[in-house]
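Let's take a walk through this one together. Keep the structure open beside you and follow along as we go.

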Amino acid sequence: ITNVEVLKLAVRQNFQAGEYPISMSDMYVWSPEECIPEFFLDSDCFRSMHKQLGLDDIRIPSHCKTDYSQFLGFHRLLLESEHVSSNLHHWIDITFGYKLRGRPAVQSR
């Protein structure tokens, strides 16, 4: 666990807990391409390490209640589905490929 004071030196000096997503849906809206692999493997990543700063655990969809393991299982089931497998190349093109700029970017929106 990285100490908050170290994070302030390296990442952001004026840390404001309210600037960070409080739920998975907020996380996807805020930064969908930056969900780290742990979001699919380790349920501990949803638990706040900095509750003393006002950062609560990340909220997950209500159908999972507070069962982070259930959320991970559901999420992995979706990610490993045929639909995702057959459309993954579109996401790669938009995120890393030729659909980043220009006409292909506009057409893919």
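**From a loop serine to the core**

Start with Ser 81, which is partly exposed because its relative accessible area, 23%, falls between the 20% limit for buried and the 50% limit for exposed. Bear in mind that you're looking at a predicted model. Ser 81 sits in the loop between α4 and α5, and a polar atom of its side chain lies 3.3 Å from the backbone nitrogen of Val 84.

Step forward into α5 and you have a helix of 14 residues, running from 82 to 95. From first C-alpha to last, α5 reaches 20 Å, close to the 20 Å expected at 1.5 Å a residue. Have a look at Leu 88 on the way along, since α5 bends there by about 45 degrees.

Now go back to α4, residues 68-79. Its end C-alpha atoms are 16 Å apart, and that agrees with the 16 Å its twelve residues should span at 1.5 Å a residue. Which residues of α4 are buried? They are Tyr 68, Phe 71, Leu 72 and His 75. Looking down the axis of α4, you'd see these buried residues fall within an arc of 100 degrees, so they line one face of the helix. The spacing helps here: an α-helix has 3.6 residues a turn, so residues three or four places apart point the same way. At the start of α4, check Asp 67 too: one of its side-chain oxygens comes to within 3.1 Å of the backbone nitrogen of Ser 69.

Follow that buried face inward. The largest nonpolar core has eleven residues, among them Tyr 68, Phe 71 and Leu 72. The others are Met 24, Met 27, Phe 39, Phe 40, Phe 46, Ile 58, Ile 60 and Cys 64. Helices α2 (24-30), α3 (38-41) and α4 are the elements that give two or more residues to this core, with α4 supplying the largest share, three residues. In soluble globular proteins, nonpolar side chains tend to be buried together.

Ile 60 is a handy core residue to click on. Leaving out residues up to four places away in sequence, Ile 60 touches Met 24, Phe 46, Lys 65, Thr 66, Asp 67, Tyr 68 and Phe 71.

One last stop is Ser 48, in the loop between α3 and α4. Its side chain reaches the backbone oxygen of Leu 55 at 2.4 Å. With residues up to four places away in sequence again left out, Ser 48 touches Leu 55, Asp 56 and Asp 57.

Conventions
Residues are numbered from 1 along each chain as its sequence is written. This is a predicted model: local features need pLDDT of at least 70, side-chain atom pairs count only at pLDDT 80 or more; totals for chains, interfaces and linings use all residues. Side-chain values use heavy atoms; hydrogens and water are left out. Helices (H or I, at least four residues) and strands (E, at least two) are DSSP runs, numbered from the N terminus. The expected span of a helix is 1.5 Å times one less than its number of residues. The bend at a residue is the angle between axes fitted to the seven residues ending there and the seven starting there. Buried means under 20% relative accessible area, exposed over 50%, partly exposed in between (1.4 Å probe, protein chains only). The arc is that of the directions from the helix axis to the C-beta atoms. A polar contact is a pair of N or O atoms within 3.5 Å; within protein, one must be able to donate a hydrogen and the other to accept it, and residues adjacent in sequence count only if both atoms are side-chain atoms. A nonpolar core is a set of buried Ala, Val, Leu, Ile, Met, Phe, Trp, Tyr and Cys residues joined through side-chain atoms within 4.5 Å. Contact means heavy atoms within 4.5 Å.
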